[in-house]
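Student: Could you take me slowly through a single part of this structure, and show me what surrounds it? I would like one connected explanation rather than a list.

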Amino acid sequence: MTLVDVVVVAYKSEDHIDQCLALARQIDHIGDVVVVDNNLDNRGFGAGQNVGAKQTTNEYLLLLNPDAAVVPAAIARGVALLENEQQRS
């Protein structure tokens, strides 16, 4: 099974981060989940994503906001579409 690593940049997101991480861990295709704490050093959202992305190892990466709602089937569908496209190339 192809895995998708997740990067979550947390900045003043205490109200959402626990729910976000719990949901991410329930999705079949999720590999590693990296949380970048921007509360300590607010380097900006994009820079925080880059910090997290450098810590991932799987082929696919999901950049997820802490307050986002993820539909598990959407991740599996996205992986299937990406793999299909790679096979066609």
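Tutor: What follows is a close look at one loop residue, Asn-38, and then at the helix, strands and core of the same chain. Please keep in mind throughout that this is a predicted model.

Asn-38 sits in the loop that runs between β2 and α2. With a relative accessible area of 1%, Asn-38 is buried, because buried means under 20%. Leaving out residues up to four places away in sequence, Asn-38 touches Val-9, Ala-10 and Tyr-11, and also Arg-43, Gly-44, Phe-45 and Gly-48. With one of these, Arg-43, there is a polar contact from side chain to side chain, at 3.1 Å. Asn-38 can also be compared with Ser-13, which is 25 residues away in sequence, while the two C-alpha atoms are 9.8 Å apart in space.

Gly-48, one of the residues that Asn-38 touches, leads us into helix α2, which spans residues 45–53 and in which Gly-48, Gln-49 and Gly-52 are buried. Looking down the axis of α2, you would find these buried residues within an arc of 100°, so they line one face of the helix. It helps to recall that an α-helix has 3.6 residues a turn, so residues three or four places apart point the same way. The cover over the buried residues of α2 includes the strands β1 (4–10), β2 (30–37) and β3 (60–64).

Two of those strands, β1 and β2, pair in the parallel sense over six bridges. Between them the chain passes from β1 through α1 to β2, and this β-α-β crossover is right-handed. Within the pairing, Val-7 has Val-34 in β2 as its bridge partner.

The strands bring us finally to the largest nonpolar core, which has 14 residues, and inside which Val-8, Leu-64 and Ile-75 have the most contacts. Two or more residues of this core are given by each of β1, α1 (17–25), β3 and α3 (72–88), and β1 supplies the largest share, four residues. If you take Leu-64 as an example, and set aside residues up to four places away in sequence, Leu-64 touches Val-6, Val-7, Val-8 and Val-9, together with Cys-20 and Val-70. Ile-75, for its part, is in contact with His-29, a residue found in the loop between α1 and β2. His-29 has 16% relative accessibility and therefore counts as buried, the limit being under 20%.

Terms used: Residues are numbered from 1 along each chain as its sequence is written. This is a predicted model: local features need pLDDT of at least 70, side-chain atom pairs count only at pLDDT 80 or more; totals for chains, interfaces and linings use all residues. Side-chain values use heavy atoms; hydrogens and water are left out. Buried means under 20% relative accessible area, exposed over 50%, partly exposed in between (1.4 Å probe, protein chains only). The arc is that of the directions from the helix axis to the C-beta atoms. Contact means heavy atoms within 4.5 Å. A nonpolar core is a set of buried Ala, Val, Leu, Ile, Met, Phe, Trp, Tyr and Cys residues joined through side-chain atoms within 4.5 Å. A polar contact is a pair of N or O atoms within 3.5 Å; within protein, one must be able to donate a hydrogen and the other to accept it, and residues adjacent in sequence count only if both atoms are side-chain atoms. Two strands pair if DSSP finds at least two bridges between them. A crossover is right-handed if, with the strands pointing away from the viewer, the path from the first strand over the helix to the second runs clockwise.
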